[in-house]
Amino acid sequence: MFNLSNETDYKLLSKTKNYYNFFILIVIFLFTTIFIRLIFLSFDNNNTLISSKIDTSLNVLPTIYDSNKNTLAYSDYNYSIKNIKNKVKYLKRNVSLNQILESIYKGDPYIKFEKILTRKYPHSTITNNMIGHTNIDHKGVSLIEKFLSQNNNDIDLSLDIQIQKKIFDTLFKDTQYLNPDYSMNVLVDLSREEIVSNVFLDNRNLNDRFDQTLFPLKDLKFDFGSVFKTFTVYSAFKNEKIDTNEYFDVDQPVYIGSKIINDFPRNSEIPMQVGDILKKSSNRGAILVRRNLDCESEFKADLEQLGLLNIAKVGFGMSSVEPTVNNFRGSYCDNIPFGYGLSISPIQLINAYGKIITGRNDFNASLEKHKKQNENKYNKVSNTVNKLLFYANETNNELYINFLVAGKTGTADQVISNDEKIQNVTYVSFFPYNNPKYLNFTFMQNPKKSYGKYMTAGNTVKPTFYNILKEVYIYLDLSIINSKSKDV
């Protein structure tokens, strides 16, 4: 305690008071400095806090939704921190308010902040190579995003993101096991002609990733192999050149020019009816069926009617690549029947099957959401082919019977160099066969493993489809399944 009667204590008290006053002055000075600093920052948004890169002229793009109003793409602002000393260097992008305040308190005059209008994709991992992207000016430059820049309205896609996620996860597992270069699965609602799910997985080296401006469903094309045998049989029935009871002697040599055509493995049950040609996937049988048709006026005309020789639209102003006819071995009319000589995109293959199995010649699957439901136009040809494909698709998988799944596999060799070739494996399926509701396209390029002895579509993508169906059937409208309905 201080003794007020002591002169020394008075001096100590006076000295302490001076220190206290000095401390108060320092605190007030620091507080005032910080306060003034914050005031100046608030008045200097254009030059100090936010850089001149703010472009308020950028237009917010419309929002993209799935069929259930889940957001797939939208516009929003975010902030980036950059250092403008010497050369502009971005330190952090899409930063939080706390990170901005932390940088402000440090007081570095070279640290600036930039408010940027960006495009955000909540489900980008499972919607890649489909929606497209925007440029630095926030304008859509590819795929659906490009359409939005011209349309300026929110849009609803036919995609169901819940089903898309289920299929993505299942296909991802099979892709890891079978190890293809890439894989793809497309699910189509046949009555609405809507693409419910479109999954694409690139399984190659990261340095070889696909260009994000490409939409594989429409931009890639392949020889799909034996799935084309369905078109050959369809054309023969349509032109009334064969019947289901007719036999074809596939044990006899079949030539295209000087090249002998073989079946693998060698078919032992001969002669074959048309159902067995599809079931055993006989190359010779498909050629013999086609040779009942006139090449130009019947077979080629039916390929064109099915859309296999023309571009296809997928909605939002997007169209597929042009098909390529490769007249190798001197006769496309004998090669196309069993799956070679015509390279098409997946959407062209899907639409061709859609036309056959629904009986609707104007069938066109699209990413656009449609309100109208279309009735299948049953006729003798479509019902006959559908029944044959159910027979040809026979498997011991319980889902085959439970959901009356019809389909056709295709395995095609693709030569990539003089001493190397890879295989494209495809499975087109639809269900229920007697009143088709859904169509599925499953594809892999160059799988390294299989579920069976041979590297075929039946041992790769066909099991993959059933793995997918097991996960998604509960989300599909399959209440119409009835094994006795509308069969002929």
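Glu145 is buried in this predicted model. Its relative accessibility is 0%. The residue belongs to helix H4, which spans residues 143-151. Glu145 forms a salt bridge with Arg119. The closest N and O atoms of this pair are 2.9 Å apart. Arg119 lies in strand E4, so the bridge ties together parts that are 26 residues apart in sequence. Arg119 is buried as well, with a relative accessible area of 10%. Its value falls under the 20% limit, so Arg119 takes the buried label.

Strand E4 covers residues 111-120. Seven of its ten residues are buried, so the strand is largely enclosed by the rest of the structure. E4 pairs with strand E2, and the two run antiparallel. Ten bridges join them. Within this pairing, Ser75 stands opposite Arg119. Arg119 thus has Ser75 opposite it across the strands and Glu145 as its salt-bridge partner.

Strand E2 comprises residues 71-83. A loop connects E2 to strand E3, which comprises residues 89-95. Val88 is located in that loop. At 46% relative accessibility, Val88 is partly exposed. Val88 also contributes to a nonpolar surface patch, together with Ile84 and Tyr110. The accessible area of the three residues together is about 240 Å².

Salt bridges were searched for over the whole structure, and 15 were found. Side chains of opposite charge can pair when their charged atoms come close. A second example is the bridge between Lys218 and Asp219. Here the closest N and O atoms are 2.7 Å apart. Both partners are buried: Lys218 has a relative accessible area of 9%, and Asp219 has a relative accessibility of 18%.

A further bridge links the side chains of Glu296 and Lys300, at 3.7 Å from N to O. Both residues lie in helix H10, which spans residues 295-305. They are four residues apart, so about one helical turn separates them. Glu296 is partly exposed at 45% relative accessibility. Lys300 is also partly exposed, with a relative accessible area of 30%. Elsewhere, Arg290, Arg291 and Asp334 are joined into one network by salt bridges that share partners.

Asp223 lies in the loop between helices H6 and H7. H6 spans residues 216-219, and H7 spans residues 229-238. Asp223 counts as buried, at 17% relative accessibility. The side chain of Asp223 makes a polar contact with the side chain of Ser343, at 2.6 Å. Beyond its neighbours within four places in sequence, Asp223 is in contact with residues that include Gly339, Tyr340, Gly341, Leu342 and Ser343. Ala412 and Asn424 are also among its contacts.

Helix H7 follows this loop. Nine of its ten residues are buried, so H7 is largely enclosed by the rest of the structure. Among the buried residues are the aromatic side chains of Phe231, Tyr234 and Phe237. Lys229, Thr230, Thr232, Val233, Ser235 and Ala236 are buried too. After H7 comes Glu240, with a positive phi near 55 degrees.

Definitions and conventions. Residues are numbered from 1 along each chain as its sequence is written. This is a predicted model: local features need pLDDT of at least 70, side-chain atom pairs count only at pLDDT 80 or more; totals for chains, interfaces and linings use all residues. Side-chain values use heavy atoms; hydrogens and water are left out. Buried means under 20% relative accessible area, exposed over 50%, partly exposed in between (1.4 Å probe, protein chains only). A polar contact is a pair of N or O atoms within 3.5 Å; within protein, one must be able to donate a hydrogen and the other to accept it, and residues adjacent in sequence count only if both atoms are side-chain atoms. Contact means heavy atoms within 4.5 Å. Patches are made of residues with over 30% relative accessible area and no salt bridge: like charges are joined within 9 Å, nonpolar side chains (Val, Leu, Ile, Met, Phe, Trp, Tyr) within 5 Å. Accessible areas come from the Shrake-Rupley method with a 1.4 Å probe; for residues, only the protein chains shown count as cover. A salt bridge is a side-chain nitrogen of Lys or Arg within 4 Å of a carboxyl oxygen of Asp or Glu. Two strands pair if DSSP finds at least two bridges between them.
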